[in-house]
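Reader: I've got this one open on my screen and would like to talk through a few of its helices. Could you walk me through it?

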Amino acid sequence: MDWFDLLKAIILGFVEGMTEFAPVSSTGHLIIVDDMWLKTEEFLGKYPANTFKIVIQLGSILAVVIVFWKRLFSLIGLYQVETREGGGTGFNLMHVIIGMLPAVVLGFAFKDFIDDHLFGVETVIWALVAGAILMIAADKFGPKTPRVTSLDQLTYKQAFSIGLVQCLSLWPGFSRSGATISGGVLFGLSHKTAADFTFIMAVPIMAGASLVSVVKNMDMMSMDYLSFYVVGFISAFLFSLLSIKFFLKLIDRIKLTPFAIYRIVLAALLAWIVWM
């Protein structure tokens, strides 16, 4: 493992950290950057390379845990969060379980199909466009005055409905945050509250996906590449810390449409490169 390979890990960690929390699809950007330029599959192998794209998300998860530690610890009874005014059941672990359940079930059912058929630049192009359409629709048709402006006002029905929309993000390039924030806005949440729920729900989902991928591909992974994974993890963690708070301040001001426009422009550029 030479310095240039480690530089690739840093670059991919940067891409993961800066795009995981924006509704532009971190997985899609990793596939684009890697498949078109860095080509880690050539020295890691197909499945370990796909696993790396998932494992470095653990760095992003750690960043979420640090930023949202009070809320996360409150879910397991290790911290007391004062419930804000506005009614509701108070945000609790059941909201997270209900919200993540649909994607977990479908993710397990279609894991092999996704790995074999959806990790490619061509499929990401279509996912970028489809996700952009959903985001524009959320901004256009979501309630002008959000009914839910705090996590403590979130209902179980809304959590499950957002979870159903999140299933779209199993398609690499669609964007988990893009799907869940759009779903949240359509079901009455403010953009900021939808983003908060998205990030908190990401912790068990991304951790679970990483664990399953690592266990499944353990026999194809070599300790020779451990430094590559570690460097990618650290890079993703550091850049995620920088991007989380910035995005949370930004999303209520600019909404989803500017990100949707970026996705469409990126998809058009990629289509021109790949098919022209």
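Author: Happy to; keep in mind that this is a predicted model. Take residues 256-275 to begin with: the span is 95% helix and 0% strand. Its end C-alpha atoms lie apart by 28 Å.

Reader: Which residues does UniProt list for "transmembrane region"?

Author: The entry is an unreviewed one, so take that label as coming from the record, where annotations may be inferred rather than shown by experiment. The stretch we just discussed, 256-275, is one of those in the list. In full, UniProt gives residues 54-73, 93-110, 117-138, 194-214, 226-244 and 256-275.

Reader: And how far apart are the end C-alpha atoms over residues 93-110?

Author: That span is listed in the UniProt entry too. In the model the chain there is 94% helix and 0% strand. From end to end, the C-alpha atoms are 26 Å apart.

Reader: Are α5 and α13 parallel or oblique to each other?

Author: α5 covers residues 57-67, and its axis comes within 7 Å of the α13 axis. The two axes cross at roughly 40 degrees. Angles under 35 degrees would count as roughly parallel, and 65 to 115 as roughly perpendicular, so this pair is oblique.

Reader: How many nonpolar, polar and charged residues are in the contact of α5 with α13?

Author: On the α5 side you have L58, G59, S60, L62, A63, V64, I66 and V67. α13 brings F233, A236, F237, S240, L241, I244 and K245. Sorted by class, that gives 11 nonpolar, 3 polar and 1 charged.

Reader: How are α13 and α14 set relative to each other?

Author: α14 runs over residues 257-275, and the two axes come within 8 Å. They cross at roughly 95 degrees. An angle from 65 to 115 degrees counts as roughly perpendicular, so that is what α13 and α14 are: roughly perpendicular.

Reader: Which residues of α14 do F247, L250, I251 and I254 in α13 meet?

Author: By class, this contact has 6 nonpolar, 1 polar and no charged residues. The α14 partners are T257, P258 and F259.

Reader: Last one: is M221 buried or exposed, or partly exposed?

Author: M221 sits in the loop between α12 (191-216) and α13 (226-254), where it touches P48, T51, V214 and Y229, leaving aside residues up to four places away in sequence. F52 is 169 residues away in sequence, yet 10.0 Å from M221, C-alpha to C-alpha. The relative accessible area of M221 is 24%. Buried would need under 20% and exposed over 50%, so M221 is partly exposed.

Technical notes:
Residues are numbered from 1 along each chain as its sequence is written. This is a predicted model: local features need pLDDT of at least 70, side-chain atom pairs count only at pLDDT 80 or more; totals for chains, interfaces and linings use all residues. Side-chain values use heavy atoms; hydrogens and water are left out. Helices (H or I, at least four residues) and strands (E, at least two) are DSSP runs, numbered from the N terminus. Buried means under 20% relative accessible area, exposed over 50%, partly exposed in between (1.4 Å probe, protein chains only). Contact means heavy atoms within 4.5 Å. Axes are lines fitted to C-alpha atoms, for helices over the stretch in contact, and angles run from 0 to 180 degrees between N-to-C directions. Angles under 35 degrees count as roughly parallel, over 145 as roughly antiparallel, 65 to 115 as roughly perpendicular and the rest as oblique. Ala, Val, Leu, Ile, Met, Phe, Trp, Tyr, Cys and Pro count as nonpolar, Asp, Glu, Lys and Arg as charged, and the others, Gly among them, as polar.
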